Each structure stands twice: as structure tokens, then as C-alpha cells.
Amino acid sequence: MYWTQTFIPTLKETPSDAEIVSHQLLLRAGLVRKLTGGLYTFLPMGLRALRKIEQIIRQEMNRAGGIEVLMPALQPSEIWKQSGRYETAADVLYKIRDRARKEWVLGPTHEEVITTLAANELNSYRQFPRNFYQIQTKFRDEIRPRFGLMRAKEFIMKDAYSFDTSDEGAMASYRRMYDAYTRIFFRCGLKAFPVEADTGVIGGNHSHEFMVPAETGENEVVYCESGGYAANIEKATSRGPSPSTPTDGTGDSPEKFPTPGVVSIEALAAAPHSVPAHAQIKTLVYILDSKPALILMRGDDQLNSAKLLAKTGAIQARPATVDEIVATLGAHPGSLGGAHNVPHDVSVYADEVLRGARGMTTGANVDGFHLHNVEMDRDIRVSHWADFRMVRAGEQCVETGEALKIRRAIEVGHVFKLGTKYSEKLNSTFLAEDGSRQTTVMGCYGIGLTRTLQAVIEQCKDKDGICWPLSVAPHQVCLTPLNVAPESQPRQVAEKLLMELTAAGIDVILDDRDERPGVKFKDSELVGFPLRVNVGEKSLAKGEVELKPRTGPTQPVKIDDAAAQIIGFVRSGMAALA
RNA sequence: CGGGACGUAGCUCAGCCCGGUAGAGCGCUUGGUUUGGGGCCAAGACGUCGCAGGUUCAAAUCCUGUCGUCCCGACCA
């Protein structure tokens, strides 16, 4: 491959609409160009890197027993109505109509399609287990596309779906995918690690996300240094907050006292009231599937909205408006509480941390008043207890007791054990060995290819540009003759190396541009080829060429040894990523 | 959808407050020079100042609306 025969529009300056480094590098290195917000064209170098990731995924999926298929991106809205996600996933669904006014959806994922296939084709226990996968473009009406490929309206995903006849079988399938994912990200040169995850709208009961640590990531991961525990903050739990919740109340009845103008936990914690936040009960009003509900949290805790959805089973949850709050409790935010004047048809959810709490202070549901001496068990009608709180750094790990840490990360893969959620709705059943009809047990497993590509850049870069791992680099080697005239010695030596390396199966590009050395050096570093070979008169005079690994020092090698050295560099580097 | 910022040459940006001739650097074209880290000299091409309306003798500049982009929140691979 010759540089002048492809298209690598590098940029010296940083485009102003790219905020994070990996996005800037995607643009500057000429890997992609934006069509419009959330939609990108892949240029040759970006496409090559993407294809390499795709091949790694394909190889590992096949090795793990996956069967490649390709499903339609355009789907009838009926199957979405049948699964119930026409409503629950409504905000990400692109809907379109054909000339007959029939409605279609552009698939944001393919559970409905694959389950329909399984329902029609997998009818006997003899046909299981099965794991179908595809690499395909997904469409999501993202509320806010951002960070280049990280969150786009259209993106490429590998999605796999397993079908088993039993829960144990499904667990084994899950485990196989989990292991395959570990290998895939390792081979891509990515430091990714699995964390326990919330299942969100996809549903199911067991899930891990594969996370790439990065300051620019959109997720927060709670983890324990010893490696015993790691979870998405949406799911994370701990041994609880410190200090612990008071349980030594006086036993006196709730006592109303005036708190004019005190409408926050902080204000009540300050003088003159001086009620510590952990001795307060925070009362939140949420609208769960259009019904108001109270959420009681300890004063110093934050509500975890993912847990709220998961624990209440609500499809939609939003904070109530001030008007809705007044209509429900008769008081304004800042004076709310669960002890008095709570209508009987309003559910009261309380965080586990409040169990057995005594001597607490909370709003009186009368503007300007709070209550002392509140005891959860005695004074508040709790309909449901659950863990609703956001874990904080420093709390003790549930497994090891060590202090938990929190860091940001990019989610590149997600594995779910789905159970029978989709197979029931879409009638995927089979005849068991004993002649009974049973429902298939499913799992689904996604990897965002385009996001993975950008995550690699986010993790593998320096001040000069991208530092591709050999396994996903658009080209492994960049031959750089410093004189490109056809008869010049640098050009001839470079051409000979090109032939030898290509014959050895090395993926090489020759920078045949008639540019000054500085320009070629800068560009090759920006695009990030793992190895550059400088072929210039200066070193040729000594019978040498130079090997310049992207992340290491320049090494002179004899011309006759060059090909073998380069091949050795590539093969050993690739072996380290196998 | 809520909050904030910004739309001027292919890119990065100045000009806008205080209305009157549209600018710089990079890139591009041509010629020369240079040839191991985005070099230098000279000559050029490139703009309906996002769009629409308004105010005004006159609008990139002031006003209104609109579209688009980016950032912060809720959603996800």
C-alpha cells in the first residue's frame, strides 16, 4: 500500500468541535469525518482499524461456538410491540413509515428478530444450545450524541444471542461469552475489566459490563483494590455508610418544631438546629409510571435512580414537580416527610440504611416545620424496603471490607443473562426430551465496535498522536523513504523492503509522498503506525536503515538485516497480543 | 427536553462592545529555494459573515426568530 494511493487527510490543528483527545485524534489522524452530529464516515485508516477489531471479534466468537448471521436493520414494529419494548425503549427507537403508511423501526438491537427466528427454527431440545451473532449497524435516537464515536446515532455493534434449554445451560453460555470477551479486549490491546452491572431496559437478572478505565468515560465504576469486587455505580453496594444510622432514640413521640426558611439537609445540619445529616431522613417524591411515590433516604445519601427503577419495577421514573409534590403531601420541598399526612394510596419506599432508625429528624409535611424523635418502625408506614443509595468512595467493600474506590470508565461490552423475558413474549419454545413444551433460556452479549475503536485510541496515545497496538493498527509498519524519486537509493531500498515484508504477510504502508522528512515523521506519529522505518541517505551511507517503534527509541539496523528485524518486531508484538 | 457557549475562507481564529473598504495563521495553487522533525521567499485562488425577518442612509456588528454545532444533566455498546 502506498500513502499516495490511499486517503489520509491529517490535520495539523485540532477541530473545534472535538472535546476529548480520542475524538480529536480520530479527526486529526484522518480516520473519520463527521457528516453531522452522531454520524461519521470512516476513511481508509479508520476502516482498516475497525476491520481488524472486527476480525478479532469474529475469530473469538467463532472459537466460542458462535454462529454468524446477519439480521435486517429495518424491522416491523409489531415484534417490538410484542416484546413490550415498543413502549419501554420508545425514546431510542427510530420509527419510519413506508408509502403504505405502515410503520417500521430501525433496529437499536436485535433481541426481537433473533427470538422470532428461534421461535420458528429451534423446536427440539436436540437443536440446543445455540449462539447466533452478527456484526451490524445499530440505530439509536440518542438524546445527545457526543464524543465522536462514543455515543452516536448510528454505530456498529457485535451482538450475540444464546439459546439454551435450561438455566444451567444459559449460565454456561454466559460464561463462555464472558471468557471470549476477556480474550477479545486483550487481543485488541485494551485494558478492559468486567464489572457487575445493572440490566436497564434490556432486562434480565445477571449482567457484567466490560469497562475501559478512562477519565473521559461516561460510567462510574466502584471497585476494591484487591480485585475482589467491581461494579457499575448503578449497581454497586457496600457495607453501608459511615457513621452508621442512629438507633438509640429516646422513645419519645415525634415532636414538631419550627424551622422557618430551612429547606435543605445542609441548613438543618447547621446551627442553630445542628442535626447531623446522617440523623435526617430525606424525603423525595417521584412519579413512578405516573403514580406519585415517596422515596426515603438518609440525609447524607444520594438516590441511585438505576436502583430505583430496578427495585420498584417501574418503567419510568421522574422527580415530581413542585405542584405535584404540594398536591400529594400538602407541603413544599424542604419540609417533606413520611411520618405525617401521607395519603394511603401513596407507596413509601425506604432505603435499607434507615432500617431500625430512631431519633431521626425529617420534614413535618407542613411548610416551615420538621419533626424530631422520628422512629422508622413506629412512625412511618413503609411499603417497600430496598437498597436505593449511591455508594460513596471509602465505604467498605461487601466482600473484603476494604475501602472502595470509584473511577470513570468507558463501557465497551455488556453481557446479559436474559432468562425467558423475550422467549416468552415471542413464543420461543421447544419440545424437551420428556415431551414437554418448554421456554428457551436466553442470553445476549454486545460489543460496541466503533466505541471500542475509540476506546483504544483513548487508551493508546501520547502528545504526538495515536499509538496503535499492533493487532488493530491500520498498518503495522510505515516505510518512510526520505527521498521518493524513483531512482534514488532510499526509494529503491524502501521498495525492496515493501516487497519482502508484504511477502512475509506484514501489513505495510509506504509513505511515497514528496514531503519534507518532518512532515512525514509527524504524520506517521499522528496516525500512529506501531513501527516506522526511516530510509534516508544519511543512514544508508552507513549501510543502515532506522527502525523507529512508535513508543520506543530509534534503532539503526543493517540494510540486509532490516526485513528480518521488522518481521521479528511484528511477529513478537503480535504474539504478545495473542 | 432543561441549562450554558458558539456559528466569519478547507482548518484554527480575530473583527462585533462602539454599524460605514471582510482579516491573520495554517492549508491549497504557481514559481524559486531547501532537503533527517510540520523550513524559507515571492505571487495567487478561496467568503451569499449559518439562515430568515426587522431597525438603519448603511448590518459580520444592533433586535427578533430559526437552524446547526459543542459542553453540562437524564439514556446506552
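## Contacts with RNA strand B and salt bridges

In this model, the side chain of K34 places an N or O atom 2.9 Å from a sugar or linking oxygen of RNA strand B. The model is a predicted one, and the contacts described here should be read with that in mind. Two further polar approaches involve other parts of the strand: a polar backbone atom of G37 is 3.2 Å from a phosphate oxygen, while an N or O atom in the side chain of D523 is 3.0 Å from a base nitrogen.

Altogether 48 residues surround RNA strand B, and S16, R140, I143, E525 and E546 are the closest. Of the strand's atoms that come within 4 Å of the protein, sugar and phosphate account for 44%. The residues of this surface comprise 20 charged, 16 nonpolar and 12 polar ones, and helix 14 gives the most, with 7 residues.

Within the protein, the count of salt bridges comes to 41, and three of them are listed below.

| Salt bridge | Closest N and O atoms |
|---|---|
| D507 and K52 | 2.5 Å |
| E495 and R491 | 2.7 Å |
| K463 and D464 | 3.0 Å |

The pair of D507 and K52 links distant parts of the chain, 455 residues apart, since D507 is in the loop between helix 13 and strand 28 whereas K52 is in helix 2; both residues are buried. By contrast, E495 and R491 both lie in helix 13, 4 residues apart, or about one turn of the helix. R491 has a relative accessible area of 15% and is therefore buried, whereas K463 is exposed, at 74%. A network of salt bridges also links R298, D300, D301, R389, R392 and E395.

Notes:
Residues are numbered from 1 along each chain as its sequence is written. Chains are lettered from A and ligands numbered from 1 in the order in which they are written. This is a predicted model: local features need pLDDT of at least 70, side-chain atom pairs count only at pLDDT 80 or more; totals for chains, interfaces and linings use all residues. Side-chain values use heavy atoms; hydrogens and water are left out. A residue is near a molecule or strand if one of its heavy atoms lies within 4 Å of it. A polar contact is a pair of N or O atoms within 3.5 Å; within protein, one must be able to donate a hydrogen and the other to accept it, and residues adjacent in sequence count only if both atoms are side-chain atoms. Helices (H or I, at least four residues) and strands (E, at least two) are DSSP runs, numbered from the N terminus. Ala, Val, Leu, Ile, Met, Phe, Trp, Tyr, Cys and Pro count as nonpolar, Asp, Glu, Lys and Arg as charged, and the others, Gly among them, as polar. A salt bridge is a side-chain nitrogen of Lys or Arg within 4 Å of a carboxyl oxygen of Asp or Glu. Buried means under 20% relative accessible area, exposed over 50%, partly exposed in between (1.4 Å probe, protein chains only).
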